[in-house]
Amino acid sequence: MVELDIQIPSAFDPFAEAKDSDAPGAKENIHIRIQQRNGKKSLTTVQGLKKEYSYERILKDLKKDFCCNGNVVQDKELGKIIQLQGDQRKKVSQFLVQTGIAKKEQIKIHGF
């Protein structure tokens, strides 16, 4: 039997190095969404914060600054989500940038 030096091609991920590096766009995004409730009522959700942050402490500061109510919800797929009453999308994004929790490029605002 003759042994051949043939390499079988394997799955190549061209973005594998980018995920590990600190290059722009390599970090997870923070998604800020609005959900319409009944009538004029709406709900703002913040998803994608790093797990090492204290969600309860961030929520406490958000509630104090924006004079609204809110809570932290545990989701099976998405992890912890911060919910706030009303349309607070722009305020939350400014708060996250000013406190240094996220960069402006990481924040994605969704909704109408």
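The accessible surface of the chain comes to about 9,000 Å², and 50% of that area belongs to carbon and sulfur atoms (areas by the Shrake-Rupley method with a 1.4 Å probe; for residues, only the protein chains shown count as cover). This is a predicted model, in which local features need pLDDT of at least 70 and side-chain atom pairs count only at pLDDT 80 or more, while totals for chains, interfaces and linings use all residues. Residues are numbered from 1 along each chain as its sequence is written, and side-chain values use heavy atoms, with hydrogens and water left out.

**Exercise 1. Lay out the secondary structure of the chain and give its pattern along the sequence.**

Step 1: Take the elements as DSSP runs numbered from the N terminus, with helices being H or I of at least four residues and strands being E of at least two. The chain then has three helices and five strands.

Step 2: Read them in sequence order, and the pattern is α-β-β-α-β-β-α-β.

Step 3: Add the contacts (heavy atoms within 4.5 Å). Among those with a separation of 6 or more, 50% come from residues 24 or more positions apart.

**Exercise 2. Work out the strand order of the sheet.**

Step 1: Start with the pairing rule: two strands pair if DSSP finds at least two bridges between them. Strands of a sheet pair through backbone hydrogen bonds, either parallel or antiparallel.

Step 2: Put the five strands in place. They form an open sheet in the order β3-β4-β2-β1-β5, with mixed pairing. At the edges are β3 (70–75) and β5 (107–109), each of which pairs on one side only. On average, neighbouring strands of this sheet are turned by 25° against each other, direction ignored (axes are lines fitted to C-alpha atoms, for helices over the stretch in contact, and angles run from 0 to 180 degrees between N-to-C directions).

Step 3: Follow the antiparallel pairs. β3 and β4 are joined by six bridges, with D75 opposite G79, and a hairpin of three residues connects the two strands. β2 (residues 42–47) and β4 (residues 79–85) share five bridges; here L43 stands opposite Q85 and T45 has Q83 as its bridge partner. β1 and β2 pair over six bridges, including the place where I34 stands opposite T44.

**Exercise 3. Is β2 mostly covered or uncovered, and what lies in the turn before it?**

Step 1: Apply the cut-offs: buried means under 20% relative accessible area, exposed over 50%, and partly exposed in between (1.4 Å probe, protein chains only). For the chain of 112 residues, 28% count as buried.

Step 2: Check the strand. β2 is mostly covered, since six of its six residues are buried. S42, T44 and V46 point one way, whereas L43, T45 and Q47 point the other way.

Step 3: Look at the turn. Five residues lie between β1 and β2 in their hairpin, and G39 there has a positive phi of about 70°. R37 sits in this loop and is partly exposed at 43% relative accessibility. Leaving aside residues up to four places away in sequence, R37 touches S42 and L43. The C-alpha atoms of R37 and G86 are 9.8 Å apart, although 49 residues separate them along the chain.

**Exercise 4. Place helices α2 and α3 against the strands.**

Step 1: Helix α2 (residues 55–66) lies across β3 and β4 and runs at about 10° to β4.

Step 2: Helix α3 (residues 89–99) packs on the sheet, where it touches β1 (30–36), β2, β4 and β5. The direction of α3 makes about 160° with that of β1.

**Exercise 5. How many disulfides and salt bridges are there, and which residues take part?**

Step 1: Count disulfides, meaning pairs of cysteine sulfur atoms within 2.5 Å. The count is zero. C67 is in no disulfide, and the nearest cysteine sulfur, that of C68, is 7.9 Å away. C67 is exposed at 72% relative accessibility, whereas C68 is buried at 15%. C67 lies in the loop between α2 and β3 and has a positive phi near 55°.

Step 2: Search for salt bridges (a side-chain nitrogen of Lys or Arg within 4 Å of a carboxyl oxygen of Asp or Glu). The whole structure has one. R89 forms it with D87, and the closest N and O atoms are 2.9 Å apart.

Step 3: Compare the partners. R89 is buried at 11% relative accessibility, while D87 is partly exposed at 40%.
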